[in-house]
Amino acid sequence: ELDTRHTMIELLHCDCMEYMATVPDKYFDLAIVDPPYGIKINMNQGRRKGQILKHAKKSWDNAPPNKEYWELLKKKSKNQIVWGANNFEWLPPHNGWIVWDKDITGAVDFSKAELAFNSLKNTISIIKIRAQTGVEIYTNKIHPTQKPVALYEWLLTNYAKKGQRILDTHLGSGSSAIAAHYFGVDFVGCELDKDYFEAAKARFDMATRQLAMSI
């Protein structure tokens, strides 16, 4: 059942480091983040052979966040779920992982699963959710690493509680914000890139408006 009572969704066009510096320590109950992995994928991730890219290439994935980012993230949030954490040197020894099986079929030259560090549990969880369904097929994505709303719905259902404060430091396509809106948490999403921010905000407005009109 959808429940959006007493929740606040903030989408901010800003540097997440500057924003985090303005809030008290442990202000957020949970940070669910998908920062640049630093593997220089730019606009190529998830592209099948023969697909045409509709976006201009950007350099946002040339380097991962620095040490200061991780220190601030852990300081401002009580727990963290971090996508792509297998690429980051900051990660302490820990068995808390989430494996996202993308349910991809056919021969592809990109990963069929992604890993997330999970500070909330010391076990490995596996979730199978199709990466490309409906309007979320690669050629329609507004961000090259766009994850399905259903994936964030699953994360919130399993690792958050209604009314909590959730932070996403790299909003990207806005999937996390859409899921947060309907799950019923207070949410702040930061996005530095102006193009991505405007596209994510438009997507969020359309998704929430369409569903509200259908109820």
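D103 is found in the loop between β4 and β5, and in this predicted model it is a convenient residue from which to begin. Its backbone has a phi near 55°, a positive value in a residue other than glycine. The residue is partly exposed, with a relative accessible area of 21%, a figure that falls just outside the buried class because buried means under 20%. The side chain of D103 forms a salt bridge with K128, and the closest N and O atoms of the two are 3.8 Å apart. This pair links distant parts of the chain, since D103 lies in the loop between β4 and β5 (113-118) whereas K128 belongs to strand β6, 25 residues apart. K128, for its part, counts as exposed, at 55% relative accessibility.

From K128 one can follow the strand that carries it. Strand β6 covers residues 124-128, and along it the side chains alternate between two faces. S125 and I127 point to one face and are buried, while I124, I126 and K128 point to the other and are not buried. The K128 side chain that meets D103 in the salt bridge therefore belongs to the face of β6 whose side chains are not buried.

Strand β6 is paired with strand β4 (residues 97-101) in the parallel sense, over five bridges. Two tryptophans of β4 help to fix the register for the eye: W97 stands opposite I124 in β6, and W100 stands opposite I127 in β6. The two isoleucines named here come from the two faces of β6, I127 being among the side chains that are buried and I124 among those that are not.

Strand β4 also pairs with β5, again over five bridges but in the antiparallel sense. In that pairing W100 stands opposite E114 in β5, so that W100 has a partner in each of two strands, I127 in β6 and E114 in β5, under a rule by which two strands pair if DSSP finds at least two bridges between them. E114 leads on to the charged side chains, as it is linked with D34, K102 and K147 in a network of salt bridges.

The structure holds 10 salt bridges, and two further pairs may be set beside the one between D103 and K128. D29 forms a salt bridge with K78, the closest N and O atoms being 3.2 Å apart. D29 lies in the loop between α1 (16-20) and β2 (30-33), and K78 in the loop between α2 (67-76) and β3 (80-83), so the pair ties together parts that are 49 residues apart in sequence. K78 is partly exposed, with a relative accessible area of 46%. The other pair lies within a single helix: K194 forms a salt bridge with E198, with the closest N and O atoms 2.6 Å apart. Because K194 and E198 are four residues apart in helix α5 (residues 194-214), they are separated by about one helical turn. Both residues are partly exposed, K194 with a relative accessible area of 48% and E198 at 42%.

The loop between α1 and β2, where D29 lies, is also the place of K26. K26 has a positive phi of about 55° although it is not a glycine, and it is partly exposed, with a relative accessible area of 40%.

The cysteines call for a separate look. The count of disulfides comes to zero, and the distances show why, given that a disulfide requires the two sulfur atoms to lie within 2.5 Å. The sulfur of C14 is 3.7 Å from the closest cysteine sulfur, which is in C190, and this is too far for a bond. For C16 the closest cysteine sulfur is again in C190, at 6.0 Å, likewise too far for a bond. Both residues count as buried, C14 at 19% relative accessibility and C16 at 8%.

The last feature concerns the packing of two helices. Two packed helices are described by the angle between their axes and the distance between the axes. Helix α3 (residues 149-159) and helix α4 (residues 175-183) pack at an angle of about 50°, with their axes 8 Å apart. That angle makes α3 oblique to α4, and α3 passes α4 in a right-handed crossing.

Definitions and conventions. Residues are numbered from 1 along each chain as its sequence is written. This is a predicted model: local features need pLDDT of at least 70, side-chain atom pairs count only at pLDDT 80 or more; totals for chains, interfaces and linings use all residues. Side-chain values use heavy atoms; hydrogens and water are left out. Buried means under 20% relative accessible area, exposed over 50%, partly exposed in between (1.4 Å probe, protein chains only). A salt bridge is a side-chain nitrogen of Lys or Arg within 4 Å of a carboxyl oxygen of Asp or Glu. Axes are lines fitted to C-alpha atoms, for helices over the stretch in contact, and angles run from 0 to 180 degrees between N-to-C directions. Angles under 35 degrees count as roughly parallel, over 145 as roughly antiparallel, 65 to 115 as roughly perpendicular and the rest as oblique. A crossing is left-handed if the near helix is turned anticlockwise from the far one by less than a right angle, and right-handed if clockwise.
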